Amino acid sequence: MATRKKSGSAGAQINGKDIGRVLITGASAGIGAELARQFAQHGHRLTLVARRREALADLAEELTRDYQTDVKLVTQDLTKPNGPAAAVKAAEADGEFIGILVNNAGVVDVGPFAKADPDKLTALVDLNVRALTEMTARLLPAMIERGVGRILNVASLAAFQPIPSMAAYAASKAYVLSLTEALSEELRGTGVKATALCPGLTATSMGDEIQDQSSSARALPKEFLSNPKDVAAQAYRALMSGRVVEVPGISNQVTAAWAQVTPRWVTRYIAGMAARVKV
Ligand SMILES: NC(=O)c1ccc[n+]([C@@H]2O[C@H](COP(=O)([O-])OP(=O)(O)OC[C@H]3O[C@@H](n4cnc5c(N)ncnc54)[C@H](OP(=O)(O)O)[C@@H]3O)[C@@H](O)[C@H]2O)c1
């Protein structure tokens with residue numbers, strides 16, 4: 001676990017080493033905002049990245065008031081070709097360093113692939129895959145050099161199986177899970193650890209969007225959706241203890257385990273049937 005450094009706003013440490021700032025992408029809403037609250041409660045200094053400046057500023061005000069958190073804001077569209085590079089440059093200005101990277105920003109696209117807007121699909125891959133990869137590649141070498149660091153990549157329960165009607169989204173999250181697992185092995189002995197967070201359907205604006213557009217997701221009563229605050233708390237514990245894959249919630253853990261022991265043709269056939277159900 002991280003410890004709060006005694007010298008005021010100097011931030012938190014891991015294994016006695018200064019961890020610098022925590023950079024969280026997609027911090028203006030949902031799971032990202034709850035992750036920001038978690039890190040703030042544990043005494044971390046934050047750099048919050050998203051497109052909506054006002055939402056970021058409101059959160060920064062809350063965190064400064066409630067936890068005396070030192071918060072820096074970076075307004076950036078990470079789907080832009082230079083978005084991740086610009087975000088890292090702004091985050092590292094004034095000699096700041098990022099010791100914890102949380103790649104949380106993500107979008108979903110629900111519906112038949114053939115009817116999807118190609119530009120929307122490209123933006124999904126740009127954010128969920130390209131931006132996450134580039135942010136990691138740009139920030140990881142300095143973490144290794146300092147001998148301490150953490151990377152939290154937000155994947156999804158959708159990472160464990162193909163999902164007809166969310167084909168590109170599930171594929172993007174399978175990439176995130178695979179990348180993170182491979183990284184966790186590459187990073188052994190470096191002091192840097194990588195964790196993939198795989199939440200199930202969670203009560204955020206993305207959760208609403210999925211339930212609005214997917215009949216099978218709509219069948220799940222609202223009470224069964226995960227709470228973003230609980231997801232963030234579990235993510236924080238998993239990250240700090242160096243867990244490689246974290247699936248919050250018992251029913252989601254059962255689903256992930258089932259997908260891993262069931263032949264792939266069975267999981268995709270059942271997911272295909274669920275996608276075709278009209279309710
Ligand atoms: N909700 C679920 O059911 C669920 C389940 C499993 C996994 N997840 C994953 O959890 C993560 C967070 O999802 P959420 O449910 O919290 O979604 P959300 O409430 O819709 O929040 C998405 C965040 O991403 C940011 N974002 C979107 N496009 C961006 C862009 N082009 N550049 C920079 N930031 C951008 C948004 O900020 P701005 O609009 O201000 O840019 C917002 O802060 C995603 O990776 C998602 O795939 C969600």
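Two strands are said to pair if DSSP finds at least two bridges between them, and I begin there since that is the sense in which I will use the word for this model, which is a predicted one.

With that in hand, let us look at β4 and β5, which pair in the parallel sense over five bridges; within that pairing, the residue of β5 that serves as bridge partner of L23 is T47. These two strands belong to an open sheet of seven, in which the order runs β6-β5-β4-β7-β8-β9-β10 and the pairing is parallel. At the edges of that sheet stand β6, residues 71-75, and β10, residues 245-246, each of which pairs on one side only.

Let me stay with β5 for a moment, because all six of the six residues in this strand, 45-50, are buried, and it is therefore largely enclosed by the rest of the structure. In a regular strand the side chains alternate between the two faces of the sheet. Here both faces of β5 are covered, with R45, T47 and V49 buried on one side and L46, L48 and A50 buried on the other. If we take L46 as an example, and set aside residues up to four places away in sequence, its contacts include V22, I24, A36, F39, L63 and V71.

That leads to the nonpolar core, and which residues have the most contacts inside the largest one? They are I24, A27, A36, L46 and L48, in a core that has 73 residues, and the largest share of this core, eight residues, comes from helix α4. As a general point, nonpolar side chains in soluble globular proteins tend to be buried together.

Helix α4 itself, residues 118-146, lies across β4, β7, β8 and β9, and runs at about 155° to β7. Moving along the sheet, strand β8, residues 149-154, and strand β9, residues 192-197, pair in the parallel sense over six bridges, and R150 stands opposite K193 in β9. Helix α5, residues 167-186, packs on the sheet as well, where it touches β8, β9 and β10, and its direction makes about 155° with that of β9.

Two single residues may help you find your way around. The first that I would point to is I151, whose place is in strand β8, and which counts as buried because it has 25 C-beta neighbours inside 10 Å; leaving out residues up to four places away in sequence, I151 touches L101, T136, L140 and A194. The other is P84, found in helix α3, residues 83-91, and P84 counts as buried because 27 C-beta neighbours lie inside 10 Å. Although P84 and M135 are 51 residues apart along the chain, their C-alpha atoms are separated by 5.8 Å, and the contacts of P84, leaving aside neighbours within four places in sequence, are L78, A131, E134, M135 and R138.

Finally, I turn to the ligand, which is surrounded by 30 residues, the closest being G26, G30, R51, R52 and G106. The elements that give two or more residues to this shell are α1, residues 30-41, and α6, residues 205-213, and the largest share, four residues, comes from α6. How many residues of the shell are nonpolar, how many polar and how many charged? The shell divides into 14 nonpolar, 13 polar and three charged residues.

Definitions and conventions:
Residues are numbered from 1 along each chain as its sequence is written. This is a predicted model: local features need pLDDT of at least 70, side-chain atom pairs count only at pLDDT 80 or more; totals for chains, interfaces and linings use all residues. A residue is near a molecule or strand if its C-beta atom, placed from the backbone, lies within 6 Å of it. Ala, Val, Leu, Ile, Met, Phe, Trp, Tyr, Cys and Pro count as nonpolar, Asp, Glu, Lys and Arg as charged, and the others, Gly among them, as polar. Two residues are in contact if their C-beta atoms, placed from the backbone, lie within 7 Å. Axes are lines fitted to C-alpha atoms, for helices over the stretch in contact, and angles run from 0 to 180 degrees between N-to-C directions. A nonpolar core is a set of buried Ala, Val, Leu, Ile, Met, Phe, Trp, Tyr and Cys residues joined through C-beta atoms within 7 Å. A residue is buried if 20 or more other C-beta atoms lie within 10 Å of its own, exposed if 12 or fewer, and partly exposed in between; C-beta atoms are placed from the backbone.
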